[in-house]
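Subject: Structure handover

Hello,

Here is the structure I said I would pass on. My notes on what was found in it come after it.

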Amino acid sequence: MKKLLFIGDVVGKSGCDFLKEKIYDIRKKHNIDFTVINGENSAQNNGITKFSADMLLNCGADVITTGNHCFKRRDSMSIYDNDNILRPANYPDGCIGKGVCILDCGYFDIAVINLMGTVYMEALDNPFTTVEKLLGEINTPNIFLDFHAEATAEKKAMGHFLTGKVTAVMGTHTHVQTSDEIILGGHTGYITDAGMTGPELSVLGVDIKAAVDKQRFKFPVRFTEAESSCFINGVVITFDEKTGKCTNISRIIER
């Protein structure tokens, strides 16, 4: 049995710094073999930069996944030359970067797929069609999906669509950890959203006053990172590396 740690959306410098402080103890506590981190909000003022990506890699990330902010920082597009930094696989053909990473672990491989939903999101290629095609090209049963999506129904549908076909489907994007972790079909670990890593007293990591003013008055505001104590949200997936079967999925919250 092996264990994979998946860390939900890391927000800003404070999220990166807190993760750096705590990640060693978390990995040791849960006997982690592999670490996947969603870093699409890891840079100051949103997006991901080479600096924030390097911080996450230095934290022990084997793979960094992203989402709808993957290309927000145009000065950092070169990060996608790194095969271990992913953007959603359902961006159109010819787009910079890749959406799948295969980790060579000796006698077995692990595949990490990054996909983005299309309900209330950008009109990318159909994520269901995309993942079905990718599964035909991946030669390992150990497959982990970060499904970066807004709509709960779309995430749930993806979990059921991939039941028995992948090791785990882990939702991101909404930054609020859900308590619906489950093993579908006795094989596929699933959670609607793994949560976020960053300022806990915030609105999804954003300064509270700015976020409230935006919702209350509907006028433009400048979002800034909240200044409060951080927490880490994620899940630990225990799996049989010979069959790709998830045997346990557990939420983690570290303050």
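Thr178 sits in the loop between β8 and β9. This is a predicted model, and the notes below should be read as such. Thr178 is partly exposed, at a relative accessible area of 23%. Its C-alpha atom is separated by 24 Å from that of Lys20, and the two residues are 158 apart along the chain.

Strand β8 itself contains Ala168. Ala168 has a relative accessibility of 0% and therefore counts as buried, the limit being under 20%. From Ala168 to Thr238 the C-alpha distance is 9.8 Å, with their positions 70 residues apart in sequence.

Helix α1

Helix α1 covers residues 12-29, which is 18 residues. From first C-alpha to last, α1 reaches 25 Å, close to the 26 Å expected at 1.5 Å a residue. The helix has a kink of about 45°, and Lys22 is at its centre. The buried residues in α1 are Gly12, Gly15, Cys16, Phe18, Leu19, Ile23 and Ile26.

Leu19 also appears in the core. The largest nonpolar core has 31 residues, and Leu5, Ile7 and Leu19 have the most contacts inside it. Two or more residues of this core come from each of β1 (2-7), α1, α2 (50-58) and β12 (230-240). The most is given by α1, with five residues.

Salt bridges

The structure holds eight salt bridges. Three of them are described here.

One is within α1: the side chains of Lys13 and Asp17 meet at 2.7 Å, N to O. Why do Lys13 and Asp17 lie about one helical turn apart? They are four residues apart in helix α1, so about one helical turn separates them. An α-helix has 3.6 residues a turn, so residues three or four places apart point the same way. Lys13 is partly exposed, with a relative accessible area of 37%, and Asp17 is partly exposed as well, at 30%.

The second joins Arg251 and Glu181, with 2.8 Å between the closest N and O atoms. This pair links distant parts of the chain, 70 residues apart: Arg251 is in strand β13 (residues 245-254), and Glu181 is in the loop between β8 (168-172) and β9 (182-184). Arg251 has 34% relative accessibility and so counts as partly exposed. Glu181 is partly exposed too, with a relative accessible area of 27%.

The third is between Glu200 and Arg255, where the closest N and O atoms are 2.9 Å apart. This pair also links distant parts of the chain, with Glu200 in the loop between β11 and α5 and Arg255 in the segment after β13, 55 residues apart. Glu200 is partly exposed, with a relative accessible area of 29%, whereas Arg255 is exposed, at 58%.

The loop between β11 and α5, and the surface patch

Val203 is in the loop between β11 (196-199) and α5 (208-217), and Leu204 has its place in that loop too. Val203 has a relative accessible area of 36%, which makes it partly exposed. Leu204 is partly exposed at 41% relative accessibility.

Both residues belong to a nonpolar patch on the surface, formed by Val176, Leu201, Val203, Leu204, Ile208 and Val212. Together these residues have about 500 Å² of accessible area.

Backbone

Most residues other than glycine have a negative phi. Two residues in the model are worth listing against that background. Leu204 is not a glycine, yet has a positive phi of about 60°. Asn31 is not a glycine either, and its phi is positive at about 55°. Asn31 comes just after α1, in the loop between α1 and β3 (34-38). With a relative accessible area of 54%, Asn31 is exposed, while Leu204 is partly exposed.

Regards

Technical notes
Residues are numbered from 1 along each chain as its sequence is written. This is a predicted model: local features need pLDDT of at least 70, side-chain atom pairs count only at pLDDT 80 or more; totals for chains, interfaces and linings use all residues. Side-chain values use heavy atoms; hydrogens and water are left out. Patches are made of residues with over 30% relative accessible area and no salt bridge: like charges are joined within 9 Å, nonpolar side chains (Val, Leu, Ile, Met, Phe, Trp, Tyr) within 5 Å. Accessible areas come from the Shrake-Rupley method with a 1.4 Å probe; for residues, only the protein chains shown count as cover. A salt bridge is a side-chain nitrogen of Lys or Arg within 4 Å of a carboxyl oxygen of Asp or Glu. Buried means under 20% relative accessible area, exposed over 50%, partly exposed in between (1.4 Å probe, protein chains only). The expected span of a helix is 1.5 Å times one less than its number of residues. The bend at a residue is the angle between axes fitted to the seven residues ending there and the seven starting there. A nonpolar core is a set of buried Ala, Val, Leu, Ile, Met, Phe, Trp, Tyr and Cys residues joined through side-chain atoms within 4.5 Å.
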